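Reader: Got a minute to go through a structure with me? I'd like to start in the middle of things and work outwards.

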Amino acid sequence: MIERLKKVSLPALSAFILFCSYHYGRILGVICFDIGQRTSDNCLVVRNRHQFKWLCLSCRIVSVTAVCCFCAPYVAEIEDPYEWLLQCFRLSASLICGTCIIVVQICYEKELLRMINSFLRLFRRVRRLSSLKRIGFGGKREFFLLLFKFICLVYELYCEVCQLWNLPDLLSWFSTLCEIFLEIGSLMIIHIGFFGYLSVAALYSEVNRFARTELRRQLRSLERPAGCPVGRRQLRIVEYRVDECISVYDEIERVGRTFHRLLELPVLVILLGKIFATTILSYEVIIRAELYPSKIGMWGLVVKSFADVILLTLAVHEAVSSSRMMRRLSLENFPITDHKEWHVKWEMFLSRLNFFEFRVRPLGLFEVSNEVILLFLSSMITYFTYVVQYGIQTNRL
């Protein structure tokens, strides 16, 4: 058993998790395109599916209409201020993100398909750079992040589907189903943001690995004693590798910036909604735990909301730190200084890296980094302490 587990490829498991998440997004109508193999060279490409797209749009519009007609009046009648605030913010975030999904699917469809095809083309280019044959997605860090995200997705689906049990009539079942479809679809935005930034991190990591091992070895091979010139063929091969590596770095930065621009607003809305929902849910569980029969389930929602924020931040941190790794590979020690045109080329490339540094700043308000995790964690601990003290003073605990 242990020997079989050792033979399991983590990148292959990561690819399988991505495959399941892709079909999960298609079921929710957020992903309305198809990924398949091209007949000419068997490469993965993204194809548009107009009929499926309009089916997804129709379902989302029906869901938005049903939520506005049936769920919004119910929320307006809630007397408890905390419950009313939580439900209002949840419905507002779902409606805003649902509208963003409709706008992206209609107005930015071609740009979205080009961006995803650019991701797939970049993975093929990176794999062609290395002489080692790699199958799957990422490495150990990417696998464990994807595994935690997959657990969050399963728990999220379980909690939402449980709401369909023991409903009194067909109208309640239909309105709840539309609300679940709209809410889970909106939450898919933060998951897509996680997968996108993790893909950028995986691309940077693979190129960094190539530059750190194979490219370094090829450049070292140019070191020859005096009187032993390097052959032109070897120089052309190494120069091609250097040019391709620089081109791939530039392409990754461009595709990552395009992805961030497309999902900037909806990811910010969902991120703020997750933080707000975590604070309200924690108050409900601590102060009014008697109203909820399943305390473990409610605490699971709090932990899941917290995990979504943490995983998105970690994926962004992986992408940003991997993009900065190139400047720490000691490229100045390579023997490119003997070739002036290569030296100038590397200087210009490193200058572009400094100027076009990959960063994630939603609407320019703040930078997503590990500092967000520390700030969020310290704020939640302070908030939990305040709520517990309030419960003790008011004899609610």
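Reader: Okay, which residues does Phe 194 touch, skipping those up to four places away in sequence?

Author: Leu 145, Leu 146, Lys 149, Leu 311, Leu 312 and Ala 315. Keep in mind that this is a predicted model.

Reader: Noted. And which residues touch the most other members of the largest nonpolar core?

Author: Phe 194 is one of them, along with Phe 33, Met 115, Tyr 197, Ile 252 and Phe 358. The core has 76 residues, and helix α7, residues 170-220, gives the largest share with 19.

Reader: Is there some general rule behind a core like that?

Author: Nonpolar side chains tend to be buried together in soluble globular proteins.

Reader: Let me zoom out. How many helices and strands does the protein chain have?

Author: There are 12 helices and 2 strands. Starting at the N terminus, the order is α-α-β-β-α-α-α-α-α-α-α-α-α-α.

Reader: And what percentage of the residues is buried?

Author: 49% of the 397 residues in the protein chain. Its accessible surface is about 21,300 Å², and carbon and sulfur atoms account for 64% of that.

Reader: What about contacts between residues at least 6 apart in sequence, how many of those join residues at least 24 apart?

Author: 81% of them.

Reader: Back to α7. Leu 215 is in that helix, so buried or exposed?

Author: Leu 215 is buried, because its relative accessibility is 0%. Its C-alpha is 8.8 Å from that of Cys 245, which is 30 residues away in sequence.

Reader: New topic: holes. How many cavities of 30 Å³ or more does the structure hold?

Author: It holds 3, and the largest has a volume of about 80 Å³.

Reader: How does one find empty space like that, anyway?

Author: You roll a probe the size of a water molecule over the atoms, and that shows where empty space is left.

Reader: Fine. Which residues line the largest cavity?

Author: The lining is made of Tyr 197, His 260, Leu 263, Glu 264, Val 267, Leu 268, Leu 271, Leu 312, Val 316, Val 360, Pro 362 and Val 368. Sorted by class, that gives 10 nonpolar, 1 polar and 1 charged residues.

Reader: Tyr 197 was in your core list too. Which helix supplies the largest share of the lining?

Author: That's α9, with 4 residues. Both α9 (264-287) and α10 (295-324) supply at least two lining residues each.

Reader: Let's do a few single residues. Ser 21 sits in helix α2, residues 10-27; why does it count as buried or exposed?

Author: Ser 21 counts as buried because its relative accessibility is 5%, and the cut-off for buried is under 20%. Apart from neighbours within four places in sequence, Ser 21 contacts Leu 153 and Phe 195.

Reader: And Val 62, where is that?

Author: In helix α3, residues 50-76. Val 62 has 45% relative accessibility, so it counts as partly exposed. Cys 178 is 116 residues from Val 62 along the chain, yet their C-alpha atoms are separated by 7.8 Å.

Reader: Last one, Leu 374: buried or exposed?

Author: Exposed, because its relative accessibility is 58%. Leu 374 belongs to helix α12, residues 370-393. Between the C-alpha atoms of Leu 374 and Ile 310 there are 9.8 Å, with the two residues 64 apart along the chain.

Methods:
Residues are numbered from 1 along each chain as its sequence is written. This is a predicted model: local features need pLDDT of at least 70, side-chain atom pairs count only at pLDDT 80 or more; totals for chains, interfaces and linings use all residues. Side-chain values use heavy atoms; hydrogens and water are left out. Buried means under 20% relative accessible area, exposed over 50%, partly exposed in between (1.4 Å probe, protein chains only). Contact means heavy atoms within 4.5 Å. Accessible areas come from the Shrake-Rupley method with a 1.4 Å probe; for residues, only the protein chains shown count as cover. On a 1 Å grid over the protein atoms alone, a cavity is a set of points where a 1.4 Å probe fits but cannot get out, and a pocket is an open set with protein on both sides within 12 Å along at least five of seven lines; lining residues have an atom within 4 Å of a point. Grid points are joined across faces, edges and corners, and a volume is the space filled by probe spheres set on the points. Ala, Val, Leu, Ile, Met, Phe, Trp, Tyr, Cys and Pro count as nonpolar, Asp, Glu, Lys and Arg as charged, and the others, Gly among them, as polar. A nonpolar core is a set of buried Ala, Val, Leu, Ile, Met, Phe, Trp, Tyr and Cys residues joined through side-chain atoms within 4.5 Å.
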